Amino acid sequence: MRIGLLGTGNVARALAHGWSTAGHDVLLGSRRPKERTDLGLPVASLSETAAHAEALVNATPGAVSVELLHSIGASALAGTLLIDVGVGLSDDFTELSHPNSSLGEQIQASFPLTPVVKTLCTMDSTVMTAPDGLDGPSTVFLSGDDAEAKRTTGRLLTDLGWPPSSQLDIGGIVTARGQEHFALLFMGIAGGLGGHTFNINVVTPSSAQV
């Protein structure tokens, strides 16, 4: 697929490398593409990246994502799968910018013709593309209102190393707030462990107990 990634930070670059290795055609989108030629990945403007993409990934800071997407335009995004991995956090990582909602919901409400799927926001970029580097299986969540968009996202997650058994569809886009609000617990766990390379796993009762 042609995958456009809005952003040039750690998350966007990690995902771009992961999908490029899997054979996808990736393009990073930047507001200042001429200043981002040192990344070892193709970079274009935000609008050019959106036009390139069959699947578009929002990997921009969550507090400014909706404004940035509006700069591209609703018509340019209509009908394109948008995978949202952003979380809006304060500079000191103690407060959410969408405390009673979620970025995923805000994007979907602002762009109703664009199917939005929330995923990958409950982990660090080091885990997004290397889940097999952890000591055991873990879970990646999907939230969204469009079933086909979630199926496509699931296939792209598989290409990053997430087998279907590790993917958990938790419902419509409203459930994105649970994924995003986990960010506060994530920061606490990271502090307790002294690092960010970890993930969570949803563990269900054994068959003997069911």
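By class, how many nonpolar, polar and charged residues does the lining of the largest pocket have? Here is the split, with Ala, Val, Leu, Ile, Met, Phe, Trp, Tyr, Cys and Pro counted as nonpolar, Asp, Glu, Lys and Arg as charged, and the others, Gly among them, as polar.

| Class | Lining residues |
|---|---|
| Nonpolar | 18 residues |
| Polar | 14 residues |
| Charged | six residues |

A word on the model: it is predicted, so local features need pLDDT of at least 70 and side-chain atom pairs pLDDT 80 or more, while totals for chains, interfaces and linings use all residues. Residues are numbered from 1 along each chain as its sequence is written, and side-chain values use heavy atoms, with hydrogens and water left out.

Back to the pocket (an open set of points on a 1 Å grid where a 1.4 Å probe fits, with protein on both sides within 12 Å along at least five of seven lines; lining residues have an atom within 4 Å of a point). Its volume, the space filled by probe spheres set on the points, is about 990 Å³. Of the 38 lining residues, V11, A59, T60, P61 and V87 lie nearest the centre. Helix 1 (10–21), strand 2 (25–30), helix 6 (125–128) and helix 8 (176–193) each give two or more residues to that lining; helices are DSSP runs (H or I) of at least four residues, strands (E) of at least two.

Then there's K118, in strand 6 (residues 116–119). K118 is buried at 0% relative accessible area (buried means under 20%, with a 1.4 Å probe and protein chains only). A polar atom of the K118 side chain sits 2.3 Å from the backbone oxygen of G86.

How values were computed
Buried < 20%, exposed > 50% of the residue type's maximum accessible area, 1.4 Å probe, protein only. Polar contact = N/O pair within 3.5 Å; in protein donor to acceptor, adjacent residues only side chain to side chain.
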